[in-house]
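Work through the exercises below with the sequence and the 3D structure open beside you, and try each task before you read its solution.

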Amino acid sequence: MGRSVLEGAFSLLDRLLDEGELGLSQLADRCEMPKTTVHRLLEQLEVLGAVENVRGRYRVGAQMFRYGQAWEPAPGILQVARQPLRALSATIRTSAILAVPRRDRVLVAAASLVRAEDVARLRPGATVPAGIEFVSAPVRAQGSSVIGTVSAVLDHGRSATALQDAVGHAARAISTALAS
């Protein structure tokens, strides 16, 4: 069975999200779709503001930013997570994130980024990349089910034990705020 129109459109958006700006031929090759199909989908996505065409190269459009800003893994979690994440990263002097499972991925839902190398790879909306060591603690919903984790990047030479209390404190603060 072939790919649906929506699957094709999301395949293009995923590729643009992962790689930034790409030309028509590059997108067709990377998404393994006919160039005519890619062109037709891109034209439709451009009209909707989901992609932008800048001198023949396509990138994710501003409308997708608007949609992304409306998503929350649990009602109110992003607002209550901001301050504990900022306090955590300031205290331990490393990047901290709120990570949530979604289907076959773990996504960064919120972040307080201190390390320059984390800005691109741990931005909200990104999939948590492999190869980074974290110290993590669970964030629980009102019914005590785990809905995510507060995770701090474990820098080389630092002890995980030294970060565990601060990470656990931030996770409990978010869990408590969600319950109120």
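**Exercise 1: a strand and its surroundings**

Decide how far strand 7 (residues 146–153) is enclosed by the rest of the structure, which is a predicted model.

Solution. Begin by asking which residues are buried, where buried means under 20% relative accessible area. Six of the eight residues of strand 7 pass this test, so the strand is largely enclosed by the rest of the structure. As a next step, look at what lies across the strand: helix 7 (residues 160–179) lies across both strand 6 and strand 7, and runs at about 20° to strand 6.

**Exercise 2: the sheet**

Find the order of the strands in the open sheet, and say which strands are at its edges.

Solution. First follow the partners of strand 7, which runs antiparallel to strand 4 (residues 96–102) and is joined to that strand by four bridges. On strand 6 (residues 134–140), seven bridges lead to strand 7, and this pair is antiparallel as well. Putting the pairs together gives an open sheet of four strands in the order 5-4-7-6, with antiparallel pairing. The edge strands are strand 5 (105–112) and strand 6, since each of these pairs on one side only. Neighbouring strands of this sheet are turned against each other by 30° on average, if direction is ignored.

Now go down to single residues. Ser151 of strand 7 is the bridge partner of Ile97, and Ser136 also stands opposite Ser151. Val150 of strand 7, in turn, has Leu98 opposite. Finally, inspect the hairpin of strand 6 and strand 7, where five residues lie between the strands and Ser144 takes a positive phi near 70°.

**Exercise 3: a helix with two sides**

Check the length of helix 3 (residues 35–47), and then work out where its buried residues lie around the axis.

Solution. With 13 residues at 1.5 Å a residue, helix 3 should span 18 Å, and its end C-alpha atoms are 18 Å apart, which agrees. The next step is to list the buried residues of helix 3, which are Thr37, Val38, Leu41, Leu42 and Leu45. These cover an arc of only 130° around the axis, which puts them on the same side of helix 3. The spacing fits a general rule: an α-helix has 3.6 residues a turn, so residues three or four places apart point the same way. On the other side of helix 3, Thr36 and Val47 are exposed.

What covers the buried residues? The cover includes helix 1 (5–19), helix 2 (24–31), strand 2 (51–54) and strand 3 (57–60). As a last step, move past the end of helix 3, where Gly49 follows with a positive phi near 85°.

Notes: Residues numbered from 1 in each chain as written. Predicted model: local features only at pLDDT ≥ 70, side-chain atom pairs only at ≥ 80, totals over all residues. Heavy atoms only, no water. Buried < 20%, exposed > 50% of the residue type's maximum accessible area, 1.4 Å probe, protein only. Helix = DSSP H or I, 4+ residues; strand = E, 2+ residues; numbered from the N terminus. Pairing = 2+ DSSP bridges. Expected span 1.5 Å × (residues − 1). Arc of directions from axis to C-beta. Contact = heavy atoms within 4.5 Å. Axes fitted to C-alpha atoms, helices over the stretch in contact; angles between N-to-C directions.
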